[in-house]
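Here are a few short exercises to work through with the model open beside you. Try each task before you read its solution.

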Amino acid sequence: MSMLAIGTLHSIPGILHDLFAHMSKVERLSLATIGTSAVLLMLLERMMPYSKGEAFFREGFFDDFALYTIAQNYILGIIIFSIIIARLDAVGGFSRFQLLARWPLWLQVTVFVVTHDFYIYWMHRWQHRNRFMWRLHEAHHSPTSVDWLSGSRSHCVEILINQTVEFAPIVLLGASPEVIPLKGAISAAWGMYIHSNLNVHSGWLQRIINGPEMHRWHHAMGKGMRSNFSTKLAIWDWMFGTAYLPVNQRAKGYGVRTWFPKHYIGQTLHAFRPFHRSAPSRAATRVGFALDSDGGSAGD
(Lines give C-alpha, C1' and ligand atoms only; values in the text may rest on other atoms or scores of the structure.)
Protein backbone atom coordinates (compact mmCIF):
# COMPACT_ATOMS: atom_id res chain seq x y z
CA MET A 1 0.00 0.00 0.00
CA SER A 2 1.37 3.40 -0.96
CA MET A 3 2.18 6.09 1.59
CA LEU A 4 -0.55 8.25 0.08
CA ALA A 5 -3.14 5.53 0.60
CA ILE A 6 -1.96 4.96 4.17
CA GLY A 7 -2.14 8.67 4.88
CA THR A 8 -5.63 8.84 3.44
CA LEU A 9 -6.82 5.95 5.62
CA HIS A 10 -5.39 7.58 8.75
CA SER A 11 -7.04 10.89 7.88
CA ILE A 12 -10.55 9.43 7.54
CA PRO A 13 -11.21 9.29 11.33
CA GLY A 14 -10.08 12.91 11.62
CA ILE A 15 -12.33 14.00 8.76
CA LEU A 16 -15.28 12.22 10.31
CA HIS A 17 -14.52 13.71 13.72
CA ASP A 18 -14.39 17.23 12.27
CA LEU A 19 -17.63 16.62 10.40
CA PHE A 20 -19.59 15.47 13.44
CA ALA A 21 -17.93 18.01 15.75
CA HIS A 22 -19.51 20.85 13.76
CA MET A 23 -22.97 19.28 13.87
CA SER A 24 -25.61 20.21 16.42
CA LYS A 25 -27.29 17.50 18.47
CA VAL A 26 -30.38 17.70 16.28
CA GLU A 27 -28.28 17.32 13.12
CA ARG A 28 -26.59 14.26 14.60
CA LEU A 29 -29.99 12.86 15.55
CA SER A 30 -31.22 13.47 12.01
CA LEU A 31 -28.26 11.69 10.45
CA ALA A 32 -28.56 8.80 12.91
CA THR A 33 -32.28 8.47 12.14
CA ILE A 34 -31.63 8.29 8.40
CA GLY A 35 -28.81 5.78 8.79
CA THR A 36 -30.72 3.60 11.24
CA SER A 37 -33.81 3.64 9.01
CA ALA A 38 -31.76 2.57 6.01
CA VAL A 39 -30.13 -0.33 7.87
CA LEU A 40 -33.45 -1.45 9.37
CA LEU A 41 -35.21 -1.41 6.00
CA MET A 42 -32.34 -3.31 4.39
CA LEU A 43 -32.67 -6.05 7.02
CA LEU A 44 -36.47 -6.16 6.84
CA GLU A 45 -36.36 -6.47 3.06
CA ARG A 46 -34.29 -9.63 3.48
CA MET A 47 -36.70 -11.01 6.10
CA MET A 48 -40.12 -10.12 4.65
CA PRO A 49 -39.77 -9.11 0.99
CA TYR A 50 -42.74 -8.30 -1.23
CA SER A 51 -40.85 -9.38 -4.35
CA LYS A 52 -38.68 -12.34 -3.44
CA GLY A 53 -35.27 -12.97 -4.93
CA GLU A 54 -34.36 -9.32 -5.49
CA ALA A 55 -30.58 -8.82 -5.46
CA PHE A 56 -29.23 -6.40 -2.87
CA PHE A 57 -26.67 -4.94 -5.29
CA ARG A 58 -29.21 -4.71 -8.09
CA GLU A 59 -28.69 -2.80 -11.33
CA GLY A 60 -28.12 0.88 -10.64
CA PHE A 61 -27.26 0.43 -6.94
CA PHE A 62 -23.95 2.32 -7.19
CA ASP A 63 -25.46 5.26 -9.10
CA ASP A 64 -28.45 5.49 -6.74
CA PHE A 65 -26.31 5.38 -3.59
CA ALA A 66 -23.06 7.15 -4.45
CA LEU A 67 -24.20 9.62 -7.10
CA TYR A 68 -27.87 10.40 -6.40
CA THR A 69 -27.97 9.95 -2.61
CA ILE A 70 -24.57 11.32 -1.63
CA ALA A 71 -22.97 13.41 -4.39
CA GLN A 72 -26.08 14.99 -5.91
CA ASN A 73 -27.74 15.73 -2.57
CA TYR A 74 -24.55 17.28 -1.22
CA ILE A 75 -24.08 19.59 -4.20
CA LEU A 76 -27.75 20.54 -4.40
CA GLY A 77 -27.79 21.24 -0.67
CA ILE A 78 -25.08 23.85 -1.15
CA ILE A 79 -26.89 25.41 -4.12
CA ILE A 80 -30.28 25.48 -2.39
CA PHE A 81 -29.21 26.82 1.00
CA SER A 82 -26.06 28.85 0.27
CA ILE A 83 -27.15 30.39 -3.02
CA ILE A 84 -30.90 30.32 -3.71
CA ILE A 85 -32.37 30.66 -0.22
CA ALA A 86 -29.56 32.94 0.98
CA ARG A 87 -30.13 35.33 -1.92
CA LEU A 88 -33.90 35.29 -1.48
CA ASP A 89 -33.45 36.22 2.15
CA ALA A 90 -30.84 38.85 1.33
CA VAL A 91 -33.24 40.55 -1.07
CA GLY A 92 -36.36 40.42 1.10
CA GLY A 93 -34.92 40.03 4.58
CA PHE A 94 -37.92 37.90 5.47
CA SER A 95 -36.26 35.77 8.14
CA ARG A 96 -35.60 38.76 10.39
CA PHE A 97 -39.30 38.94 11.21
CA GLN A 98 -39.09 35.53 12.93
CA LEU A 99 -42.78 34.91 12.20
CA LEU A 100 -42.79 31.33 13.51
CA ALA A 101 -40.01 31.58 16.08
CA ARG A 102 -42.37 31.43 19.08
CA TRP A 103 -44.29 28.40 17.85
CA PRO A 104 -43.48 25.11 19.63
CA LEU A 105 -40.92 23.08 17.68
CA TRP A 106 -43.28 20.13 17.22
CA LEU A 107 -45.91 22.44 15.69
CA GLN A 108 -43.42 24.02 13.31
CA VAL A 109 -42.27 20.61 12.09
CA THR A 110 -45.84 19.36 11.73
CA VAL A 111 -46.96 22.40 9.73
CA PHE A 112 -44.08 22.15 7.29
CA VAL A 113 -44.44 18.37 6.90
CA VAL A 114 -48.15 18.62 6.08
CA THR A 115 -48.01 21.73 3.85
CA HIS A 116 -45.06 20.46 1.82
CA ASP A 117 -46.68 17.05 1.47
CA PHE A 118 -49.79 18.75 0.07
CA TYR A 119 -47.61 20.65 -2.41
CA ILE A 120 -45.77 17.48 -3.44
CA TYR A 121 -49.06 15.67 -4.10
CA TRP A 122 -50.16 18.29 -6.65
CA MET A 123 -46.69 18.74 -8.08
CA HIS A 124 -46.45 14.98 -8.52
CA ARG A 125 -49.80 14.84 -10.32
CA TRP A 126 -48.66 17.62 -12.64
CA GLN A 127 -45.45 15.76 -13.45
CA HIS A 128 -47.49 12.79 -14.65
CA ARG A 129 -49.79 14.94 -16.77
CA ASN A 130 -47.41 17.35 -18.44
CA ARG A 131 -44.89 16.02 -20.95
CA PHE A 132 -42.24 18.58 -20.03
CA MET A 133 -42.52 17.90 -16.30
CA TRP A 134 -42.60 14.14 -16.94
CA ARG A 135 -39.12 14.40 -18.44
CA LEU A 136 -37.82 15.58 -15.06
CA HIS A 137 -39.74 12.87 -13.20
CA GLU A 138 -39.01 10.00 -15.57
CA ALA A 139 -35.72 9.06 -13.88
CA HIS A 140 -37.58 8.39 -10.65
CA HIS A 141 -39.70 5.76 -12.40
CA SER A 142 -36.83 4.15 -14.30
CA PRO A 143 -35.65 1.58 -11.68
CA THR A 144 -36.90 -1.90 -12.56
CA SER A 145 -36.56 -2.94 -8.92
CA VAL A 146 -38.29 -0.88 -6.25
CA ASP A 147 -36.54 -0.95 -2.89
CA TRP A 148 -35.41 1.24 0.02
CA LEU A 149 -32.80 2.97 -2.18
CA SER A 150 -34.60 3.33 -5.51
CA GLY A 151 -36.58 6.37 -4.36
CA SER A 152 -33.35 8.39 -4.24
CA ARG A 153 -33.16 8.34 -8.03
CA SER A 154 -34.62 11.72 -8.94
CA HIS A 155 -33.44 14.22 -11.54
CA CYS A 156 -31.34 17.06 -10.14
CA VAL A 157 -33.71 19.74 -11.51
CA GLU A 158 -36.70 18.02 -9.90
CA ILE A 159 -34.90 17.91 -6.56
CA LEU A 160 -33.74 21.52 -6.95
CA ILE A 161 -37.33 22.67 -7.39
CA ASN A 162 -38.95 20.52 -4.73
CA GLN A 163 -36.34 21.00 -2.02
CA THR A 164 -36.21 24.75 -2.58
CA VAL A 165 -39.99 24.83 -2.08
CA GLU A 166 -39.54 22.54 0.92
CA PHE A 167 -36.85 24.45 2.81
CA ALA A 168 -37.11 28.09 1.68
CA PRO A 169 -40.29 28.77 3.72
CA ILE A 170 -38.63 27.30 6.82
CA VAL A 171 -35.81 29.82 6.57
CA LEU A 172 -37.79 32.79 5.27
CA LEU A 173 -40.56 32.47 7.88
CA GLY A 174 -38.00 32.45 10.66
CA ALA A 175 -38.67 28.93 11.92
CA SER A 176 -36.27 27.27 14.31
CA PRO A 177 -33.05 26.06 12.63
CA GLU A 178 -33.80 22.64 14.13
CA VAL A 179 -36.79 22.26 11.81
CA ILE A 180 -34.52 21.73 8.77
CA PRO A 181 -32.67 18.59 9.99
CA LEU A 182 -35.83 17.19 11.59
CA LYS A 183 -37.90 17.73 8.44
CA GLY A 184 -35.05 16.32 6.35
CA ALA A 185 -34.88 13.15 8.45
CA ILE A 186 -38.64 12.61 8.23
CA SER A 187 -38.61 13.05 4.45
CA ALA A 188 -35.62 10.74 3.95
CA ALA A 189 -36.86 7.96 6.23
CA TRP A 190 -40.41 8.11 4.86
CA GLY A 191 -39.13 8.13 1.29
CA MET A 192 -37.10 4.99 1.90
CA TYR A 193 -40.07 3.30 3.58
CA ILE A 194 -42.67 3.89 0.84
CA HIS A 195 -40.26 2.54 -1.79
CA SER A 196 -39.12 -0.44 0.29
CA ASN A 197 -39.57 -3.99 -0.91
CA LEU A 198 -41.59 -4.93 2.18
CA ASN A 199 -44.62 -7.17 2.38
CA VAL A 200 -46.49 -5.09 4.94
CA HIS A 201 -50.22 -4.64 5.46
CA SER A 202 -51.16 -1.57 7.48
CA GLY A 203 -54.92 -1.91 7.01
CA TRP A 204 -56.95 1.23 7.68
CA LEU A 205 -53.76 3.19 8.37
CA GLN A 206 -53.04 3.13 4.63
CA ARG A 207 -55.94 5.56 4.23
CA ILE A 208 -54.04 8.06 6.36
CA ILE A 209 -50.32 7.25 6.34
CA ASN A 210 -48.72 6.31 3.05
CA GLY A 211 -46.70 3.13 2.78
CA PRO A 212 -45.29 0.67 0.23
CA GLU A 213 -48.70 -1.00 -0.24
CA MET A 214 -49.96 1.91 -2.33
CA HIS A 215 -46.73 3.43 -3.57
CA ARG A 216 -45.43 0.25 -5.23
CA TRP A 217 -48.51 0.38 -7.46
CA HIS A 218 -47.50 3.88 -8.50
CA HIS A 219 -44.18 2.49 -9.76
CA ALA A 220 -45.79 -0.47 -11.53
CA MET A 221 -46.48 0.09 -15.23
CA GLY A 222 -50.23 0.23 -15.71
CA LYS A 223 -53.19 1.93 -14.09
CA GLY A 224 -51.40 2.43 -10.79
CA MET A 225 -48.88 4.80 -12.31
CA ARG A 226 -51.69 7.28 -12.88
CA SER A 227 -52.69 7.02 -9.20
CA ASN A 228 -51.21 7.13 -5.70
CA PHE A 229 -49.35 10.44 -5.92
CA SER A 230 -49.13 10.93 -2.14
CA THR A 231 -45.80 10.72 -0.35
CA LYS A 232 -46.30 10.83 3.41
CA LEU A 233 -50.05 11.21 3.84
CA ALA A 234 -52.24 8.92 1.75
CA ILE A 235 -55.28 11.04 2.62
CA TRP A 236 -54.61 13.26 -0.41
CA ASP A 237 -55.16 10.35 -2.80
CA TRP A 238 -58.32 9.19 -1.05
CA MET A 239 -59.59 12.77 -0.77
CA PHE A 240 -59.00 13.74 -4.40
CA GLY A 241 -59.93 10.44 -6.03
CA THR A 242 -56.51 9.19 -7.13
CA ALA A 243 -56.17 6.23 -4.76
CA TYR A 244 -55.56 2.80 -6.27
CA LEU A 245 -55.23 -0.24 -4.02
CA PRO A 246 -56.57 -3.41 -5.71
CA VAL A 247 -57.40 -6.41 -3.56
CA ASN A 248 -55.83 -9.84 -4.17
CA GLN A 249 -53.50 -8.53 -6.88
CA ARG A 250 -49.75 -8.09 -6.86
CA ALA A 251 -47.84 -5.18 -8.31
CA LYS A 252 -45.20 -6.07 -10.89
CA GLY A 253 -43.45 -4.72 -13.94
CA TYR A 254 -41.65 -1.64 -12.61
CA GLY A 255 -39.88 0.98 -14.70
CA VAL A 256 -40.69 2.85 -17.91
CA ARG A 257 -41.64 1.28 -21.23
CA THR A 258 -39.13 3.14 -23.38
CA TRP A 259 -35.33 2.88 -23.37
CA PHE A 260 -33.66 4.68 -20.50
CA PRO A 261 -29.92 5.19 -19.79
CA LYS A 262 -28.36 2.98 -17.11
CA HIS A 263 -26.08 5.52 -15.46
CA TYR A 264 -26.28 8.90 -13.76
CA ILE A 265 -24.84 11.22 -16.42
CA GLY A 266 -26.90 9.66 -19.19
CA GLN A 267 -30.04 9.71 -17.04
CA THR A 268 -29.54 13.37 -16.21
CA LEU A 269 -28.96 14.43 -19.82
CA HIS A 270 -31.77 12.20 -21.13
CA ALA A 271 -34.36 14.60 -19.72
CA PHE A 272 -33.28 17.27 -22.21
CA ARG A 273 -33.60 15.18 -25.39
CA PRO A 274 -35.77 16.70 -28.12
CA PHE A 275 -39.40 15.71 -28.32
CA HIS A 276 -40.49 13.45 -31.13
CA ARG A 277 -42.39 15.17 -33.92
CA SER A 278 -45.37 12.92 -33.33
CA ALA A 279 -45.83 14.21 -29.78
CA PRO A 280 -49.52 14.58 -28.90
CA SER A 281 -51.37 17.83 -28.70
CA ARG A 282 -51.49 19.80 -25.49
CA ALA A 283 -55.04 18.59 -24.85
CA ALA A 284 -53.89 14.98 -24.92
CA THR A 285 -51.58 15.58 -21.97
CA ARG A 286 -54.60 16.27 -19.76
CA VAL A 287 -55.88 12.71 -20.02
CA GLY A 288 -53.78 11.72 -17.05
CA PHE A 289 -51.11 9.56 -18.65
CA ALA A 290 -47.43 9.84 -17.88
CA LEU A 291 -45.74 10.71 -21.16
CA ASP A 292 -42.76 8.79 -22.44
CA SER A 293 -39.98 9.94 -24.74
CA ASP A 294 -42.13 9.65 -27.85
CA GLY A 295 -45.07 11.46 -26.30
CA GLY A 296 -46.90 8.22 -25.59
CA SER A 297 -48.11 6.75 -22.30
CA ALA A 298 -45.52 5.44 -19.91
CA GLY A 299 -48.23 4.08 -17.69
CA ASP A 300 -49.88 1.67 -20.14
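## Exercise 1: Two loop residues with positive phi

Q98 sits in the loop that links α3 and α4. Keep in mind that this is a predicted model.

**Task.** Find the phi of Q98 and of N248, and decide how far each residue is exposed.

**Solution.**
- Step 1. Start with the general rule: most residues other than glycine have a negative phi.
- Step 2. Turn to Q98, where phi is near 50°, a positive value in a non-glycine residue.
- Step 3. Check the cover on Q98: its relative accessible area is 42%. Exposed would require over 50% and buried under 20%, so Q98 counts as partly exposed.
- Step 4. Move on to N248, which lies in the loop between α9 and α10. Its phi is near 60°, again positive in a residue other than glycine.
- Step 5. With a relative accessible area of 80%, N248 is exposed.

## Exercise 2: The surroundings of T242

**Task.** Is T242 buried or exposed, and which side chains make polar contacts with its side chain?

**Solution.**
- Step 1. Locate T242 in the loop between α9 (235–239) and α10 (264–270).
- Step 2. Look at its relative accessible area, which is 5%; T242 is therefore buried.
- Step 3. Look for polar partners of the side chain. One is the side chain of Y121, at 2.7 Å. Another is the side chain of D237, at 2.5 Å.
- Step 4. Widen the view to the residues touched by T242, leaving aside those up to four places away in sequence: Y121, R125, S227, N228, F229, W236 and D237.

## Exercise 3: How α4 meets α5

**Task.** Work out how helices α4 and α5 are oriented to each other, and which residues form their contact.

**Solution.**
- Step 1. Find α4 at residues 105–127 and α5 at residues 131–141.
- Step 2. Take the packing angle, about 100°, with the axes 8 Å apart.
- Step 3. Angles of 65 to 115 degrees count as roughly perpendicular, so α4 and α5 are roughly perpendicular to each other.
- Step 4. List the two sides: α4 brings M123, H124, W126 and Q127, and these meet M133, W134, H137 and H141 of α5.
- Step 5. Sort the residues of this contact by type: four are nonpolar, four are polar and none is charged.

## Exercise 4: The cover and the cap of α5

**Task.** How many residues of α5 are buried, what covers them, and which residue caps the N-terminal end?

**Solution.**
- Step 1. Count the buried residues: 10 of the 11 in α5, so this helix is mostly covered.
- Step 2. Name them: R131, M133, W134, R135, L136, H137, E138, A139, H140 and H141.
- Step 3. Look outward for the cover, which includes α3 (61–92), α4, α6 (156–172), α7 (179–195), α8 (212–219) and α10.
- Step 4. Go to the N-terminal end of α5, where N130 is the cap; one of its side-chain oxygens lies 2.9 Å from the backbone nitrogen of F132.

## Exercise 5: The whole chain

**Task.** How many helices and strands does the chain have, and what share of its residues is buried?

**Solution.**
- Step 1. Count the elements: 10 helices and zero strands.
- Step 2. Take the burial of the chain: of its 300 residues, 45% are buried.
- Step 3. Consider the contacts with a separation of 6 or more; 70% of them join residues 24 or more positions apart.
- Step 4. Finish with the surface: the chain exposes about 15900 Å², and carbon and sulfur atoms supply 69% of that area.

Note on methods. Residues numbered from 1 in each chain as written. Heavy atoms only, no water. Helix = DSSP H or I, 4+ residues; strand = E, 2+ residues; numbered from the N terminus. Buried < 20%, exposed > 50% of the residue type's maximum accessible area, 1.4 Å probe, protein only. Polar contact = N/O pair within 3.5 Å; in protein donor to acceptor, adjacent residues only side chain to side chain. Contact = heavy atoms within 4.5 Å. Axes fitted to C-alpha atoms, helices over the stretch in contact; angles between N-to-C directions. Parallel < 35°, antiparallel > 145°, perpendicular 65-115°, else oblique. Nonpolar A, V, L, I, M, F, W, Y, C, P; charged D, E, K, R; others polar. Areas by Shrake-Rupley, 256 points an atom, 1.4 Å probe, with all protein chains shown as cover.
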